Amino acid sequence: MKRNLLTAFCCLLPLGYWVSAQSGISAELKTEYIPSSNYIRPEDSVKTNSKSDFKRVNLNLSIPLSVKKDSGGRVKAWSMLLSGSYAKMTHKDYETQLFPDQMLNAQVGLQHIRPLGKKWSMMMMASVGVYTDLERISFDDVLGQGGVVFIRHFNPNLALGAGPVLTTAFGVPMILPWIYFDWKTNGKVKIRINFPEGAEVGYQLSDSFTLKAVVNLSGMSAERNKDGKSTLLGYQQITAGLRPEIQLSDKLSLHLTGGTALLRSFSESDRKIKNIFRDKKMADPKFASTFYVAVALRWNLP
């Protein structure tokens, strides 16, 4: 996948978080920290003495507006989605400022899930949000997106879906493909692959404690004004580590993750449709691998 396509894809990542219908309010509050690591310049892949860290807080909230079940127990639901991510970065020993000091992604959306027969379901979603580096907030920072995904449920633990997503990340409305894949196992050994979120393998030691090995993809986007032109900056990271999950109550759980930031990179492109499929002549700027830690609280209200 080309990096400028991945930039637009990072705008879409929050859409995949709340695919399953909930009967009550569901939320996650998560903080992440990546200490300073060396900047690797793209022109010659040399690890420089310049360093940057990354700190982020995320809040995702799903509020059911209407939840109904048909005679077969299949759910038809309308939900409001709210999400926000704020990242703060500290940069040291750069000759010129290459990256923003902070980024904010905040959006509100509406989601609808309904069954289509016994084996199929459909998810529709539309949202609008602000994607900014907070230097100058304008209407260019407002991006809209929406889409329809048709999901095939092979069994209760395996689902595969695809459909078109409409986004304004590149200034004018354009359609991107969206793929959803969710596979999990039951029992004490739990394996789950959820594209595009990530993968995890865990062992349930008790009713209230599970230890998992996880790999996750996440990102942020920001509209920037560069030389009088509107550009789209994308930040991507891939992390891996161990995650103890503690069930504090039947509604609240605590997730602690420690591991490695395998990949951290930035990409920037003009907001033109032709640039999304254009090969870049130079690699994107990235950072050396380093430690990663995250703390998350998840709760589900009846």
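Is Asp44 buried or partly exposed? In this predicted model, Asp44 has a relative accessible area of 37%, and it therefore counts as partly exposed.

## Salt bridges

Side chains of opposite charge can pair when their charged atoms come close. The model contains 11 salt bridges. One of them joins Asp44 to Arg41, with 2.9 Å between the closest N and O atoms. Arg41, at a relative accessible area of 30%, is partly exposed.

A further salt bridge is formed by Glu28 and Arg298, whose closest N and O atoms are 2.6 Å apart. This pair links distant parts of the chain, since Glu28 belongs to strand 1 (residues 26-40) and Arg298 to strand 16, 270 residues apart. The two partners may also be described by their accessibility. Glu28 has a relative accessibility of 6% and therefore counts as buried, the limit being under 20%. Arg298, with 28%, counts as partly exposed.

## A network of charged residues

Glu200 and Lys212 also form a salt bridge, and their closest N and O atoms are 2.8 Å apart. Glu200 is in strand 11 (residues 198-206) and Lys212 is in strand 12 (residues 209-226), so the pair ties together parts that are 12 residues apart in sequence. Both Glu200 and Lys212 are buried. Through salt bridges that share partners, Glu200, Lys212, Arg243 and Glu245 are joined into one network.

## A buried aspartate in a loop

Asp141 is located in the loop between strand 6 (120-132) and strand 7 (142-155). Its relative accessibility is 0%, and for this reason Asp141 counts as buried.

Which residues does Asp141 touch, not counting residues up to four places away in sequence? They are Gly129, Val130, Tyr131, Thr132, Arg136 and Glu223. In addition, a polar atom of the Asp141 side chain lies 2.9 Å from the backbone nitrogen of Ser138.

## A nonpolar surface patch

Six named residues, Leu29, Val57, Leu59, Tyr86, Leu248 and Leu297, make a nonpolar surface patch of about 450 Å². Of these, Leu297 is found in strand 16, which covers residues 290-300. Leu297 has a relative accessibility of 30% and therefore counts as partly exposed.

Strand 16 thus appears twice in this report: Leu297 lies in it, and so does Arg298, the salt-bridge partner of Glu28.

Terms used
Residues numbered from 1 in each chain as written. Predicted model: local features only at pLDDT ≥ 70, side-chain atom pairs only at ≥ 80, totals over all residues. Heavy atoms only, no water. Patch = residues over 30% accessible without salt bridge, like charges linked within 9 Å, V, L, I, M, F, W, Y side chains within 5 Å. Areas by Shrake-Rupley, 256 points an atom, 1.4 Å probe, with all protein chains shown as cover. Salt bridge = Lys/Arg side-chain N within 4 Å of Asp/Glu carboxyl O. Helix = DSSP H or I, 4+ residues; strand = E, 2+ residues; numbered from the N terminus. Buried < 20%, exposed > 50% of the residue type's maximum accessible area, 1.4 Å probe, protein only. Polar contact = N/O pair within 3.5 Å; in protein donor to acceptor, adjacent residues only side chain to side chain. Contact = heavy atoms within 4.5 Å.
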